[in-house]
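User: I am new to this structure and should like a close look at one part of it. Please read the model with me and set out how that part is connected to its surroundings.

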Amino acid sequence: RLDRNTSGLLIAGKTLKGLQTMAEALKKRTVQKYYRCIVKGELREKTHLKGYLSKDEQNNKVKVVSHIRPVEKADYLPIETEYRPVAVSNGYTELEVHLITGRSHQIRAHLAYLGRPVLGDIKYGNRNMNEKTGFKTQALCAQRLTFGNIPEENTLHYLSGRVIKLADPEIVKQFDALERKPGQE
């Protein structure tokens, strides 16, 4: 699944059994998911983040924290997100994000928690930044799926070692357009 206004690859099952098998592969992290996004700020280091996420179902919004107290444990789920800078320019960074745990709104909320909101994100982002850059939808794209070693007895074995990737995602063009705009924060 993808959050609303996120572009890119989707995984679908033709049959219930296929969908269940794929869900199990995702749960076991046999399938790795990678996204591209554009964030405010110039990030230069590959970073592995851990934290906790709590979802407010009524408002469809999540809260990210770095630590929880034992009494809060039932309300929070652990999250892991890894990112590496792909390009940096004019106060923005194009990131490749490896979504390790895959919770609701995880990438957007985790980056916003760090003060690095995704451009165009109206829920966790920065309104002034969105207006200044002209982004109407979030600059977040599911770009690559990498399949690990899937056992022979698994119906998905034929995907072992395969990489499915968007060759030229729109997000790269969006970042290139930002580079050409002088005077951005």
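Leaving aside its neighbours within four places in sequence, with which residues is I38 in contact?

Analyst: The model is a predicted one. In it, once the neighbours within four places in sequence are set aside, I38 is in contact with Y92, T93, E94, P117, V118, L119, F135, A139, I171, Q174, F175 and L178. The elements around this residue are taken in turn below.

The strand β2 comes first. It covers residues 31–40 and is mostly covered, with seven of its 10 residues buried. Strand β2 has two pairings to consider. One is with strand β6, residues 92–99: eight bridges join the two, and they run antiparallel. Within this pairing, K40 of β2 stands opposite Y92, and Y92 is also one of the contacts of I38. The other pairing is with strand β7, residues 140–147, where seven bridges join the two strands, again in an antiparallel arrangement. Here Q32 stands opposite T146, while K33 has L145 as its bridge partner.

Strand β7 deserves a closer look. Eight of its eight residues are buried, so β7 is largely enclosed by the rest of the structure. Besides its bridges to β2, β7 is joined by two bridges to strand β1, residues 7–8, and these two strands run parallel. In that pairing, S7 has C141 as its partner in β7. Three further bridges join β7 to strand β8, residues 163–165, and this pair runs antiparallel. T146, the residue that stands opposite Q32, has V163 as its bridge partner in β8.

The nonpolar residues form the next part of the picture. In soluble globular proteins, nonpolar side chains tend to be buried together. The largest nonpolar core of this model holds 24 residues, and I38 is among the five that touch the most other members, together with C37, L95, L111 and L119. At least two residues of this core come from each of β2, β6, α2 (106–113), β7 and α4. Apart from this core lies another, of nine residues, which include L9, M22, V31 and L145. L145 has already appeared as the bridge partner of K33.

Helix α4 accounts for some of the contacts named at the outset. The helix spans residues 170–179, and its residues I171, F175 and L178 are buried. Seen down the axis of α4, the buried residues fall within an arc of 55 degrees, so they line one face of the helix. I171, F175 and L178 are also among the residues in contact with I38. The buried residues of α4 pack against β2, β5 (77–89), β6, α3 (127–133) and β7.

Not every residue of α4 is buried. A177, which is found in this helix, is partly exposed, with a relative accessible area of 28%. Its C-alpha atom is separated by 9.7 Å from that of T133, and the two residues are 44 residues apart along the chain.

From α4 one may pass to S89, which is found in strand β5. S89 counts as buried because its relative accessible area is 15%, and the cut-off for a buried residue is under 20%. Not counting residues up to four places away in sequence, S89 touches E42, F175 and E179. F175 thus appears both here and among the contacts of I38.

A residue in a loop offers a contrast. K46 lies in the loop between β2 and β3 (47–56). At 57% relative accessibility, K46 counts as exposed. Apart from residues up to four places away in sequence, K46 touches E82, Y83, R84 and P85. The C-alpha atoms of K46 and P169 are separated by 21 Å, and these two residues are 123 residues apart along the chain.

Finally, there is the second largest pocket, whose volume is about 340 Å³. Its lining consists of 17 residues, and I11, A12, M22, Y158 and L159 lie nearest its centre. M22 was met above as a member of the core of nine residues. Both α1 (16–27) and β7 supply at least two residues of the lining, and α1 gives the most, with three. Strand β7 therefore has a place in several parts of this account: it is largely enclosed by the rest of the structure, supplies residues to the largest nonpolar core and contributes to the lining of this pocket.

Technical notes: Residues are numbered from 1 along each chain as its sequence is written. This is a predicted model: local features need pLDDT of at least 70, side-chain atom pairs count only at pLDDT 80 or more; totals for chains, interfaces and linings use all residues. Side-chain values use heavy atoms; hydrogens and water are left out. Buried means under 20% relative accessible area, exposed over 50%, partly exposed in between (1.4 Å probe, protein chains only). Helices (H or I, at least four residues) and strands (E, at least two) are DSSP runs, numbered from the N terminus. Two strands pair if DSSP finds at least two bridges between them. A nonpolar core is a set of buried Ala, Val, Leu, Ile, Met, Phe, Trp, Tyr and Cys residues joined through side-chain atoms within 4.5 Å. Contact means heavy atoms within 4.5 Å. The arc is that of the directions from the helix axis to the C-beta atoms. On a 1 Å grid over the protein atoms alone, a cavity is a set of points where a 1.4 Å probe fits but cannot get out, and a pocket is an open set with protein on both sides within 12 Å along at least five of seven lines; lining residues have an atom within 4 Å of a point. Grid points are joined across faces, edges and corners, and a volume is the space filled by probe spheres set on the points.
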